[in-house]
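Trainee: I would like to learn how to read a model like this one, feature by feature. Could we look at it together?

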Amino acid sequence: MKGIRLIYRKEDIVGSQRTRSRSAPVVLGLVVVAALAGSFFVSLGVDDASASLAADEQVMRGRTLVIHHACGDCHGGGSNPNADGWLVGARDTSQEFKIGPFRTRPRNLTPDNMTGLGRFSERQIFNALRYGLRPGETPDVDITSTTPGQGNFPAHPKYLAVPMPWPAFRHMSDQDLRDVAAYLKRGVKPVSNRVADSEGPPDFWASAYTVDKIGPYPAAAFPAARERTAP
Amino acid sequence: MSINRRATTLRRGLVLVGLTAMWAMPALSQRRVEVTLTAAPTRLSLAPGAPTEMFAYNGQFPGPTLEFREGDRVTVHFRNKLPEPTTIHWHGLHLPFTSDGSPFHPVAPGETYDYVFTIRPGTAGTYWYHPHPHHRTGYQIAKGLYGAVIVRAADDPLRGLPEKLIVISDNRFAADNSIDLPASLSTAGIVDRENGREGDIVFVNGTVMPTISIRAGEMQRWRVINASAARVYRLSLPGHTLLHVGSDGGLFEHPVEVDEILVANAERVELLIRGTGAPGDRVPLQALPYDRYVPQTRPQTWNRTRDLLTLQYTKRRPISAAPLPAVLRPVPALDTTQSTATRLMVLTQGMINGQMMDHSRVDVAAKLGATEIWEIENLVGMDHPFHLHGFQFQVLDRNGVPERFRAWKDVVNVPKHGSARFIVRYANFPGKWMFHCHILDHEDHGMMGILEVIEERNADARSATRSP
């Protein structure tokens, strides 16, 4: 409240009026120039601000999704972006999974260039969450099909290791997945943490991710076999 | 004497002999060398039992060793008698674009092509030649098409040392002794595409477990070429240290003493072997385990040590070797302050910078004479040996660790989840030069790009027509 009062001090307002009255033509000219220049810069500034504000909103939506989808439970930091190790991936063997004969490891999701997602595009992260495709093994393209070899879906898909729950995450909206990608790329500090590669079958889990095992995408129309329309 | 007869002798005896299909001009003038190579289907006995249907240069496996001198004006008359297009790529040699044998200049079945180039001064070293048609390089090399090139300098500081050529390759055979090339959709095909095709039989100069003899106390110069599609060799000679004296582009300044040395695909090393054993000793040259694989397709036998050849000490009394010169060959440093661009190459499985090979695309455009730094980042949990055509480069660092010594290279192995930087000068020869992963299955899959080197007077016009 004190600050607001200071800004609107009556003396300041009076003083500026006095200044203008003293050398009106020059000051008017300056005001015109300033106004023109100002309007130009201000309009740019507004555009920039709204763009970055929108981006920030996207990052903030992504942050919320990352927190409430429990990404940090496996990838580090739990539900707390303040936590040491937030999304940096496995740092010791206690964070590994034993899937049959294989060991799989949560990867570094921070945007570090060499050990994290830094060199992957937001589209590649989107494709990982929507289609389960490993970003390092999948071209950076828009994918329009889930049939291997069609619509840019790789003929020999290589999937993220089990138990990454992408078969559930893929049902999130396009916007949600883009927001998550935006947060991971732009809202998290890069941390270098090299995670050993996950093990898996030679088909890169293709046999684990068949429609009969993970269901169709998009999900079956409501009401499906185990659903009802009214109590 | 025909080139065939001489080179067959060479293959048997592991001893280098001079190229035969050549004729020398009078002394002091540029020597003109003419070679005739024909690629054709042939049938050779490689494994016990039935012969194997192969492709071969001049009917030999490996192809004849070609030996040139710095300054030679070389013409290779090539005839393609294969049922498919092919090329001959002169791996590591600095030569005109039209003689590079890249996918831009395929030679159709039944056609001929003359590769014409001058062996440039200062390029003495160990090179090799192999086909490079798009999508079929791995297949044609697996069928038997490759050979060694040795370039000699008049002032070779190691002149006089006994030399051994060691061309290492591997292959895999089906029950009927045909070369095992699985369908791409089979599990074996998937593993081959992922790892690069490996074979359980390792050949040295086309032979399994040959013997090299050495006299106690003797010093030998070994030229080692990894001609395998994907298998890398971590070489060790038990009880001996190795003196590393040369790399892809020839000798470097000072010998480096090592216990073992990694030779990635298409790389060459020159080693000095000191006969520190006793008369009568037998020592295997071994390939120690090296984990270059992703876990999904890592072979169960990856951690097996393999014997490649036997070093047999003669019974003769030991001799003492002559001392080495203080400097083998100076390698002047390319100046990093002269670099006008840094090219980032991000390797993912089967792709460079997220893209697969496209003949009509230029990935890097550079001016002739420019010096540039290339930074290769490997995002995959698998080593990728990165090869640049046309120009020898100097590796600056790997994983941020400065290279221990300066050497001329045309392949740098980029370790899994690691990086490498090199500096290169596009000294001569405008044209389109491939860069690619030298795991042949990856290369054929499209893990390749194009560097176009443009002459200054054309550069501005060309770049103006190219969209940003």
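Trainee: Which residue stands opposite B:Val411 in strand 27 of chain B?

Mentor: Before we begin, keep in mind that this is a predicted model. Strands of a sheet pair through backbone hydrogen bonds, either parallel or antiparallel. Here the residue opposite B:Val411 is B:His387, and strand 24 of chain B, residues 384-388, is joined to strand 27 of chain B by four bridges, with the two strands running antiparallel.

Trainee: In what order do the strands of that open sheet lie?

Mentor: The order in chain B is 22-30-29-24-27, five strands in an open sheet whose pairing is mixed. Strand 22 (364-367) and strand 27 of chain B are the edge strands, each of them pairing on one side only, and from one strand to the next the twist averages 20°.

Trainee: Where is B:Arg406 placed, and is B:Arg406 buried or exposed?

Mentor: B:Arg406 belongs to the loop that links strand 26 (401-402) with strand 27 (411-414) of chain B. A burial reading rests on a count of surrounding C-beta atoms, and because 17 other C-beta atoms lie within 10 Å, B:Arg406 is partly exposed. Beyond its neighbours within four places in sequence, B:Arg406 contacts B:Phe252, B:Val331, B:Ala333 and B:Gln394, while its C-alpha atom is 7.3 Å from that of B:Val395, a residue 11 places away along the chain.

Trainee: Which residues touch the most other members of the largest nonpolar core?

Mentor: They are B:Val149, B:Ile168 and B:Leu347, in a core of 116 residues, to which strand 30 of chain B (residues 448-454) gives the largest share, five residues. Once residues up to four places away in sequence are set aside, B:Ile168 touches several residues, including B:Val202, B:Val224, B:Tyr233 and B:Leu308. Another core lies apart from this one and has 28 residues, A:Leu109, A:Leu117, A:Leu129 and A:Met164 among them.

Trainee: How many helices and strands does chain A have?

Mentor: Chain A has eight helices and two strands, and, read from the N terminus, its elements follow the order α-α-α-α-β-β-α-α-α-α. Of the 231 residues in chain A, 28% are buried.

Trainee: How many residues of chain A are in contact with chain B?

Mentor: An interface can be read from both sides: 18 residues of chain A are in contact with 19 residues of chain B. Sorted by class, the chain A side consists of five nonpolar, six polar and seven charged residues.

Key. Residues are numbered from 1 along each chain as its sequence is written. Chains are lettered from A and ligands numbered from 1 in the order in which they are written. This is a predicted model: local features need pLDDT of at least 70, side-chain atom pairs count only at pLDDT 80 or more; totals for chains, interfaces and linings use all residues. A residue is buried if 20 or more other C-beta atoms lie within 10 Å of its own, exposed if 12 or fewer, and partly exposed in between; C-beta atoms are placed from the backbone. Two residues are in contact if their C-beta atoms, placed from the backbone, lie within 7 Å. Ala, Val, Leu, Ile, Met, Phe, Trp, Tyr, Cys and Pro count as nonpolar, Asp, Glu, Lys and Arg as charged, and the others, Gly among them, as polar. Two strands pair if DSSP finds at least two bridges between them. Axes are lines fitted to C-alpha atoms, for helices over the stretch in contact, and angles run from 0 to 180 degrees between N-to-C directions. A nonpolar core is a set of buried Ala, Val, Leu, Ile, Met, Phe, Trp, Tyr and Cys residues joined through C-beta atoms within 7 Å.
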